[in-house]
Amino acid sequence: MRAQRLATWLAGVSMAFALAACQTQKPLPQQRFDLKGKVVAVNTGESTVTLAHEAIPGYMAAMTMDYPVKDKWAFSVLKPGQTVTATLVVASDRAWLEGIVVSEEAKPESTSLAPTGGAGAPLGEEVPDFALVNQDGKLIHLHQYRGKPLLLTFIYTRCPLPDYCPLMSKNFAQILGQVRSDPTLAPSTHLLSISIDPDYDKPAVLRAYGLDCAGAPHPFNDWEFASGTPEQVRRVAEFFGLKCWTEGGQIVHALITALIGPDGKVRQLYRGNDWQPAQVLSDLGNLRGVGK
Ligand SMILES: [Cu+2]
């Protein structure tokens with residue numbers, strides 16, 4: 001374990017030198033922060049660890065999120081309930097943990113931290129007519145989008161990690177750009193980003209965020225940003241199997257994106273953050289003519 005940490009550290013040092021050498025081109029893109037928190041879940045298949053961590057002063061509030069971990073040993077050593085320290089590395093388009101050290105073993109009662117998010121709606125399941133409130137403060141219902149494909153995801157505007165919510169919004173912007181320029185997709189695709197931080201993401205906040213993401217001239221015609229009461233958001237999140245709840249004031253946070261057909265049924269679920277816009281566009285293309 002120690003050898004691996006040393007190797008990681010050395011790799012970091014040589015990278016710092018390499019970056020310093022070409023500093024005339026770009027400023028140092030990586031930031032590193034000390035992190036302390038509790039392991040909530042170990043997601044071996046996704047190579048991530050769900051961590052409920054303390055605040056990083058000046059950078060991010062205490063929260064619970066999935067973090068990529070590159071050290072393979074971590075997945076046989078880490079267990080829910082352990083207290084760990086680590087370095088959070090934030091590069092321009094991704095973030096991950098390095099140098100994880102278990103500072104305290106799990107106490108028996110701490111297993112109650114384990115996430116309870118369900119498996120999510122099976123493909124083909126009809127999506128209920130969930131009600132939400134959009135960026136204009138207007139009540140929306142999911143059934144109003146029937147007759148066209150609906151692509152929805154979950155975000156929150158304050159999310160500071162570039163490969164989580166900001167990446168989802170970046171992907172959506174890319175998909176929207178394609179949809180708008182492809183006459184076979186354009187008239188009939190709607191995007192919806194649902195905030196899991198309803199206390200902070202009021203319509204005005206979502207509107208400002210959406211203007212940044214969706215672009216002119218009619219930013220909200222084909223991409224809306226919505227939230228609602230905590231109960232409304234919880235019900236939608238639960239239906240799609242999003243691991244998401246608050247605990248001690250912290251946002252618990254995974255990622256899921258869903259493609260709903262014109263018939264109002266779940267067509268695809270894209271979990272995590274490694275799905276590509278091209279994949280969604282191809283799935284959208286396959287939906288052409290369905291349910292008309
Ligand atoms: Cu996020």
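The legends below describe close-up views of a predicted model.

**View 1. Helix 4 and its buried side.**
Helix 4 covers residues 203–214, 12 residues in number. From its first C-alpha to its last it reaches 15 Å, close to the 16 Å expected at 1.5 Å a residue. Buried residues of helix 4 are Leu206, Tyr209, Gly210 and Ala214. They cover an arc of only 110° around the axis, so they lie on the same side of helix 4. The face turned away from this buried side carries Ala204 and Asp212, which are exposed.

**View 2. Surroundings of helix 4.**
Two kinds of element pack against the buried residues of helix 4: strands and a helix. The strands are strand 8 (150–155), strand 9 (190–195) and strand 10 (223–227). The helix is helix 3 (165–181). Just after helix 4 comes glycine 215, with a positive phi of about 80°.

**View 3. The crossing of helix 3 and helix 4.**
The axes of helix 3 and helix 4 come within 9 Å and cross at roughly 55°. The two helices are therefore oblique to each other. On the side of helix 3, the contact is made by Cys165, Ser169, Ala173, Leu176 and Arg180. Helix 4 contributes Tyr209, Cys213 and Ala214. By class, the contact has six nonpolar residues, one polar and one charged.

**View 4. Helix 3.**
The 17 residues of helix 3 should span 24 Å at 1.5 Å a residue, and the end C-alpha atoms are 25 Å apart, which agrees. The buried residues of helix 3 are Cys165, Leu167, Met168, Ser169, Asn171, Phe172, Ile175, Leu176 and Val179.

**View 5. Serine 169 in helix 3.**
Serine 169 is part of helix 3. Its relative accessibility is 5%, so serine 169 counts as buried. Not counting residues up to four places away in sequence, serine 169 touches Ile155, Tyr209, Cys213 and Trp223. Of these, Tyr209 and Cys213 belong to the helix 4 side of the contact in View 3.

**View 6. Serine 47 in a loop.**
Serine 47 sits in the loop between strand 1 (31–43) and strand 2 (48–53). Its phi is near 55°, a positive value in a residue other than glycine. Most residues other than glycine have a negative phi. With a relative accessible area of 27%, serine 47 is partly exposed, because that value is neither under 20% nor over 50%.

**View 7. Glutamine 276 beside isoleucine 175.**
Glutamine 276 is placed in the loop between strand 14 (266–271) and helix 6 (277–287). At 46% relative accessibility, glutamine 276 counts as partly exposed. Its C-alpha atom is separated by 9.5 Å from that of isoleucine 175, although the two residues are 101 residues apart along the chain. Ile175 is one of the buried residues of helix 3.

**View 8. Leucine 259 and its contacts.**
Leucine 259 is found in strand 13, residues 256–260. At 1% relative accessibility, this leucine counts as buried. Leaving aside neighbours within four places in sequence, leucine 259 is in contact with Pro149, Leu150, Leu151, Lys265, Val266, Arg267, Gln268, Tyr270, Asp283, Leu284 and Leu287. The C-alpha atoms of leucine 259 and valine 280 are separated by 8.1 Å, and the two residues are 21 residues apart along the chain.

Notes
Residues are numbered from 1 along each chain as its sequence is written. This is a predicted model: local features need pLDDT of at least 70, side-chain atom pairs count only at pLDDT 80 or more; totals for chains, interfaces and linings use all residues. Side-chain values use heavy atoms; hydrogens and water are left out. Helices (H or I, at least four residues) and strands (E, at least two) are DSSP runs, numbered from the N terminus. The expected span of a helix is 1.5 Å times one less than its number of residues. Buried means under 20% relative accessible area, exposed over 50%, partly exposed in between (1.4 Å probe, protein chains only). The arc is that of the directions from the helix axis to the C-beta atoms. Contact means heavy atoms within 4.5 Å. Axes are lines fitted to C-alpha atoms, for helices over the stretch in contact, and angles run from 0 to 180 degrees between N-to-C directions. Angles under 35 degrees count as roughly parallel, over 145 as roughly antiparallel, 65 to 115 as roughly perpendicular and the rest as oblique. Ala, Val, Leu, Ile, Met, Phe, Trp, Tyr, Cys and Pro count as nonpolar, Asp, Glu, Lys and Arg as charged, and the others, Gly among them, as polar.
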